[in-house]
Amino acid sequence: MKVNIVTRFLLLNVLFIYSLLLHSCQSGKNQEAELKLWYKQPAKEWEEALPLGNGRIGAMVFGEPSTEHIQLNDDSMWPEDKGWEEPDGNEEDLKHLRQLLFAGKHSEADELFVEKFSRKSVIRSHQTLGDLFLDLGYENISDYRRELDISKSVARVSYKTNGYEVKEKIFVSHPHNAIILELESEVPDGLNGIIRLSRPDDQGIPTVRVTSAKEGKLIMSGEVTQRDGKFDSKPDPINGGVKFETLIQVKNEGGQILSAPNYLKMKNVKKAVFFIVSNSSYYFEDFSRQNEEDLYQLSKFTVEKLEDAHIKDYQGFFSRVKFELGEKALDTIPTDARLERIKSGETDLGLEALLFHYGRYLLISSSREGTNPANLQGLWNRFITAPWNADYHLNINLQMNYWLANTTNLLELNYPLFDFVDRLVENGKTTARKNFGCRGTFIPHATDLWAATWLRAPQAMWGCSVGAGGWMMQQYWAYFEFTQDKEFLKQRAYPAIYQVVQFYSDWLVKDPRDGFLVSAPSTSPENQFLDEHWNRVASCLGSAMDQQIIAEVFDNYIKTCGVLQIENNLLATVKQQREKLRPGFVVGTDGRIMEWDREYTEAEPGHRHMSHLYGFHPGTSVSNNDTTLLKAIRKTLDYRLTHGGAGTGWSRAWLINISARLLDGNMADEHIQLLLKKSMYPNLFDAHPPFQIDGNLGYTAGVAEMLLQSHEGDTIRLLPALPQAWDKGSVSGLKARGGITVDIAWENNTLVKAVLKSENMTDIQIIYKEQVLPVGLKAGEKYMFKP
């Protein structure tokens, strides 16, 4: 009897443990399923293909059984710097321009701004690396599945042809600088077909030469050109640029890999492994030799070992944050079908969570230490001449790309941005002195790989912006706030902020109408107002955004000097100027925030930029206690939206962030639904249209802002903008300022618990709804908060 009781006890324990393990496995499967984009058909359009990348090189996977198409990418594919320099404008021209504005001659000021200080239309574009085609010829396809596992950064394609299974796996390894593609077939005669490399012509002129070599190698070599190049709105062909070589080596099991003059041929191959390496003159003097070295390193490992190393490296970033919303039952529906459900009015919390993870995936894949920063399309671009050159726009787009880096625990991914902006800071010293007679540095609204700092645009409304430098300095200061890294502040942030502040200190001019210091000429990016003659104009004396940006960068400089215990003449001057700076937030007679220096009639009331709200978001200068200003901000947004604002994906993403700052979760959720309905391609790329990556990355930042806020100075808000629709969920690994990691769980729209872990000893206050709790955090120890 005793033995039976013991046996029964042991059996019950075994069953209990088994049930826990089963539940754990099922949960793991659900989480894995949730983090996959998957489809029942190949990609017909580029916007349906699946993106992979290691920060520097990337691929778009189409998954076509007849002719597989892998579009290739490299972040250094740029035509050369021809030595294009600053325009002829100088300090005297600037004085004249300001006199025009003092006289109210806005239209003439716009014309002079462009004529003297802008390089007008410029075409110099980031470009595609090329295309890999596998002519397999498979027909009678069944059981098709194409997927991207963003928890591992691996794409897979599987299907049956005439009943025989074919499998494809592809990933882009950061540790081994390569694209690895594994293809295997159960078809009796194996894999048979042509392996081709190509690149689009530039204005009908070939851009590459493709040759084959022994040992199953295919080589594509070329040089980037821009034969439709344009400078000063005039044709200016660029006949040279970054040189590159793409090298493929195919290893086969069974059958043969045969060489032809400019392609390879598979014959009766059971399994083929493609090692794809690609390097350029931008990174290596002898890029061809680097390709051979990369191939040699790859040869030391099996595909399994390479994949393990790739996943370990990738998950070192990706796995820092976990986020779940509701049930995962819809994971059994293809991603494009789920998107169509949303467009027909359904809600899909799982897809909203997946899109959050996707943003982190895309930034990890397009911005790693030692690479160029993510551009307008991140890394993925199929064009020779891309929309807006796929370059860097600094009037919100580049900044939005990196909002998520701090809050979602990807702090190291800021470094490509800092490396690039440091180059702008250095180059901008010449522009500041030559064009404007100012000390310090000038950073323009748009630039490219070569970090040119002259203005470019044929219209003042979008090209003649002077706020980019101060806005970029926000990224440096925010990184310090999140890390508390004083060495970074001293060695990296301070030198850059000093140069930008010095420029603005010289740039400011007294407005003769009221005596305030203002930025002049000044615009509100891409927007216009109507002058007294009903002309559409852009230039004024101190737009809201410029005034807010200059106030912010002055404040951050003052704080930086305080932390580093610096006293100098610039600090004393800036403190005086800060007091005389015209406020950036001025409420007009209609209760809205004024966008320009006076209450002009807006040419486009529903404009997509929310530039006059910069100081509210992404800035941090508006207190949640300032009810009058918050009311004006909300009225400003309501007016914009009533008149059709936020038509583009990145603009909608900005509104998600702004709604979160307003502590309005349901408003944020409304814009999430509109983003999914109106601005999302089948592969979940953001549709501007065309594709721009800022909408993806800005969305992820907005979701983080809905769950956690820390911008109010030693204050952490938990679930500040939780929508009613998000009744249950959890998030772990988010970052707050001060080096604090936060995990949060909630049910029935109510916080269950939050766990905070600080890297430093610090005093904060936790705010949840109406509850305010002062807390002392000890370095390395966890603190649990329960309401």
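Start by selecting Ile 195 and Leu 264: Leu 264, in strand S17, is the bridge partner of Ile 195. This is a predicted model.

Now widen the selection to both strands. Color S10, residues 191-198, and S17, residues 263-269. They pair in the antiparallel sense, over 4 bridges.

Keep S17 on screen and add strand S16, residues 256-260. S16 and S17 also run antiparallel, and 5 bridges join them. Pick Ile 257 next; its bridge partner in S17 is Met 266. Then trace the chain from S16 to S17: a hairpin of 2 residues makes the link.

Next, move to the open sheet. Select S19, S29, S30, S31 and S34; these 5 strands lie in that order, with antiparallel pairing. Look at the two edges: S19 (322-325) and S34 (782-785) each pair on one side only. Sight along the sheet for its twist, which averages 20° from one strand to the next.

Zoom in on S29 and S30. Select residues 729-736 for S29 and 740-747 for S30. The two strands run antiparallel and are joined by 6 bridges. Click Ala 736, then find Ile 740 in S30 standing opposite.

Two helices finish the tour. Show H7, residues 349-366, which packs on the sheet and touches S19 and S29. The direction of H7 makes about 165° with that of S19. Last, show H19, residues 694-707. H19 lies across S19, S29 and S30, and runs at about 100° to S29.

Conventions
Residues numbered from 1 in each chain as written. Predicted model: local features only at pLDDT ≥ 70, side-chain atom pairs only at ≥ 80, totals over all residues. Heavy atoms only, no water. Pairing = 2+ DSSP bridges. Axes fitted to C-alpha atoms, helices over the stretch in contact; angles between N-to-C directions. Contact = heavy atoms within 4.5 Å.
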